[in-house]
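Please take a moment to look over the sequence and the model shown here before reading on. The paragraphs that follow lead from the sheet to the helices, and then to the loops.

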Amino acid sequence: MEATIESIGIYIPENKITNQYFEEIIETSDEWITSRTGIKTRYFSKENEYTSDLCIKAIENLEEEYKKGLTDIDFIIIATSTPEQQFPSVASKIQDRFNIPQAGCVDISAGCAGFVYGIIMAQGLIASGSYKKILVAGAETLSKICDFTDRTTCILFGDGAGAVIVEASEQKQLFSSTTITDGSYGKELYKSEGHAP
């Protein structure tokens with residue numbers, strides 16, 4: 001069985017952060033940030049707005065734009081590196097919030113590639129014949145974990161969410177994929193006083 005995406009939803013928080021914000025808190029400038037990253041603005045979640053909240057808003061946008069019912073979804077995949085807690089999963093919160101009965105739920109953590117990995121997983125589950133309609137959402141609230149004293153990283157990240165429904169199809173193929181990881185670069189993603197954990 002092939003897979004296709006017909007429904008897409010997005011959400012970005014209201015708090016728009018320009019490069020001028022960083023000029024006030026660290027030694028940097030709009031020109032420095034823009035010339036190295038191309039980034040002019042990003043969006044931060046509110047203090048009491050978490051990853052699950054962003055997912056909910058993106059899924060509500062999906063429902064509004066595409067008029068797709070969710071009650072027949074049989075699996076939920078949430079890709080995030082910033083869940084508000086380790087468990088229960090963000091996916092299970094989504095299942096409860098939208099009253100989706102008897103859906104399997106799982107969170108995955110794969111950093112920037114998380115959403116793509118979620119879609120690849122959904123495609124594989126559909127190809128197996130075990131599932132027909134899978135909700136995949138990717139969301140991050142990286143503003144809550146950034147080190148705002150490190151000008152090389154804090155300028156890069158913002159918050160937001162996207163959601164799709166991956167559905168079984170006899171005609172439309174989603175895509176073919178190849179996944180490769182090089183874990184040797186993991187040490188570049190954190191600071192350590194001593195040895196890497």
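Which strands does α5 lie across, and at about what angle does α5 run to β6? In this predicted model, α5 lies across β1, β4, β5, β6 and β7, and the angle at which α5 runs to β6 is about 165°.

Those five strands form an open sheet, in which the order is β1-β7-β6-β4-β5 and the pairing is mixed. β1 and β5 stand at the edges with a single partner strand each, so one side of each of them has no neighbour in the sheet. From one strand to the next, the twist averages 20°. In general, the strands of a sheet pair through backbone hydrogen bonds, and they may do so in a parallel or an antiparallel way. Within this sheet, β6 and β7 run antiparallel and are joined by nine bridges, and Ile134 stands opposite Val166 in β7.

With the sheet in view, we can return to the helix. Helix α5 covers residues 114-127, and because 14 residues at 1.5 Å a residue should span 20 Å, the 20 Å between its end C-alpha atoms agrees with what is expected. The buried residues of α5 are Gly114, Gly118, Ile119, Ile120, Ala122, Gln123 and Ile126, and these buried residues pack against β1, β4, β5, β6 and β7. After α5 comes Gly129, whose phi is positive, near 85°. Another helix, α3, lies across β1, β4, β6 and β7, and runs at about 110° to β1.

In soluble globular proteins, nonpolar side chains tend to be buried together. Here the largest nonpolar core has 23 residues, of which Ile76, Ile78 and Ile94 touch the most other members. At least two residues of this core come from each of α3, β4, α4, β6 and β7, and α3 gives the most, with six residues. Apart from this core lies another one, of 12 residues, including Ala79, Ile126, Val136 and Val164. To see the surroundings of one residue, consider Ile78, which is in contact with Cys55, Val90, Ala91, Ile94, Val106, Asp107, Ile108 and Ala137, if its neighbours within four places in sequence are left aside.

A separate pairing is that of strand β2 (residues 15-18) with β3, which is antiparallel and has four bridges, and here Ile17 stands opposite Arg42 in β3. In a regular strand, side chains alternate between the two faces of the sheet. Strand β3 (residues 41-44) shows such an alternation, in that Arg42 and Phe44 point to one face and are buried, whereas Thr41 and Tyr43 point to the other face and are not buried.

Finally, the loops deserve attention. Is Thr28, in the loop between α1 and α2, buried or exposed? Because its relative accessible area is 15%, and buried means under 20%, Thr28 counts as buried. Leaving out residues up to four places away in sequence, Thr28 touches Phe22, Glu23, Ile33 and Arg151. The loop between β4 and α4 holds Pro88, which is joined to Phe87 by a cis peptide bond with an omega of about 5°. In the loop between α4 and β5 we find Asn99, with a positive phi near 50° although it is a residue other than glycine, and Asn99 is exposed, at a relative accessible area of 60%. Gln102 is also placed in the loop between α4 and β5; its phi is positive, about 60°, and its relative accessibility of 81% is why Gln102 counts as exposed.

Technical notes:
Residues numbered from 1 in each chain as written. Predicted model: local features only at pLDDT ≥ 70, side-chain atom pairs only at ≥ 80, totals over all residues. Heavy atoms only, no water. Buried < 20%, exposed > 50% of the residue type's maximum accessible area, 1.4 Å probe, protein only. Pairing = 2+ DSSP bridges. Core = buried A, V, L, I, M, F, W, Y, C linked by side-chain atoms within 4.5 Å. Contact = heavy atoms within 4.5 Å. Expected span 1.5 Å × (residues − 1). Axes fitted to C-alpha atoms, helices over the stretch in contact; angles between N-to-C directions.
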